[in-house]
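Trainee: Could we go through this structure together? I would like to learn how each label is earned.

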Amino acid sequence: MSEGGQQVDLMQLQLPQLNVLKEQLDQEVEMMQSSLQQLKIAQSRFVESSESIGKLNSDNDGKEMLVPLTSSLYVPGKLQDVNNVLIDIGTGYYVEK
């Protein structure tokens with residue numbers, strides 16, 4: 001199919017046109033695979049956050065923990081309020097829970 005949504009008879013296309021079409025389709029498939037991978041990463045991070053929140057309870061109040069500043073840098077800290085935490089929901093957005 002062309003961009004306008006019209007049907008094209010592939011048997012009528014010349015080899016260079018078929019090659020261009022193949023390249024376009026390859027690029028679209030690659031973009032969709034990349035998007036799917038990003039969605040899977042976001043989903044796994046969401047599940048991790050959900051599991052971590054599930055482990056918080058009043059018994060953990062005041063306990064020492066490591067606080068992530070980056071993906072590879074953690075600093076020591078204390079959990080002060082288990083009822084109010086910020087959750088990274090992706091693309092720089094955080095939600096208080």
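Mentor: Happily! Along the sequence, the protein chain reads α-β-β-β-β, and that comes to one helix and four strands.

Trainee: What makes a stretch count as a helix or a strand?

Mentor: Both are DSSP runs, numbered from the N terminus: a helix (H or I) needs at least four residues, a strand (E) at least two. Helix H1 covers 15–55 and strand E1 covers 64–68. Keep in mind that this is a predicted model, where local features need pLDDT of at least 70 and side-chain atom pairs count only at pLDDT 80 or more, while totals for chains, interfaces and linings use all residues. Residues are numbered from 1 along each chain as its sequence is written, and side-chain values use heavy atoms, with hydrogens and water left out.

Trainee: How do you know that the protein chain is more spread out than a compact globule?

Mentor: The globule rule is 2.2 Å times the number of residues to the power 0.38, and the radius of gyration is taken over C-alpha atoms. For 97 residues the rule gives 13 Å, but the protein chain has 24 Å, well over that, so it is more spread out than a compact globule. Its C-alpha trace spans about 75 × 25 × 20 Å along the principal axes.

Trainee: Why is Asn-60 called buried?

Mentor: Buried means under 20% relative accessible area, exposed means over 50%, and partly exposed lies in between (1.4 Å probe, protein chains only). Asn-60 has 17%, so it is buried. Of the 97 residues of the protein chain, 7% count as buried. Asn-60 is found in the loop between H1 and E1.

Trainee: And what makes Lys-97 exposed?

Mentor: Lys-97 has a relative accessibility of 53%, so it counts as exposed. Lys-97 is placed in the segment after E4.

Trainee: Which residues does Lys-97 touch?

Mentor: Contact means heavy atoms within 4.5 Å. Leaving out residues up to four places away in sequence, Lys-97 touches Ile-53, Asn-83, Asn-84, Val-85 and Ile-87. On the same basis, Asn-60 touches Lys-55, Leu-79 and Val-82.

Trainee: How do you know that E3 and E4 pair?

Mentor: Two strands pair if DSSP finds at least two bridges between them. Four bridges join E3 (residues 86–90) to E4 (residues 93–96), and the two strands run antiparallel. Gly-90 stands opposite Tyr-93 in E4. E3 and E4 form a hairpin with two residues between them, and Thr-91 in the turn has a positive phi of about 50°.
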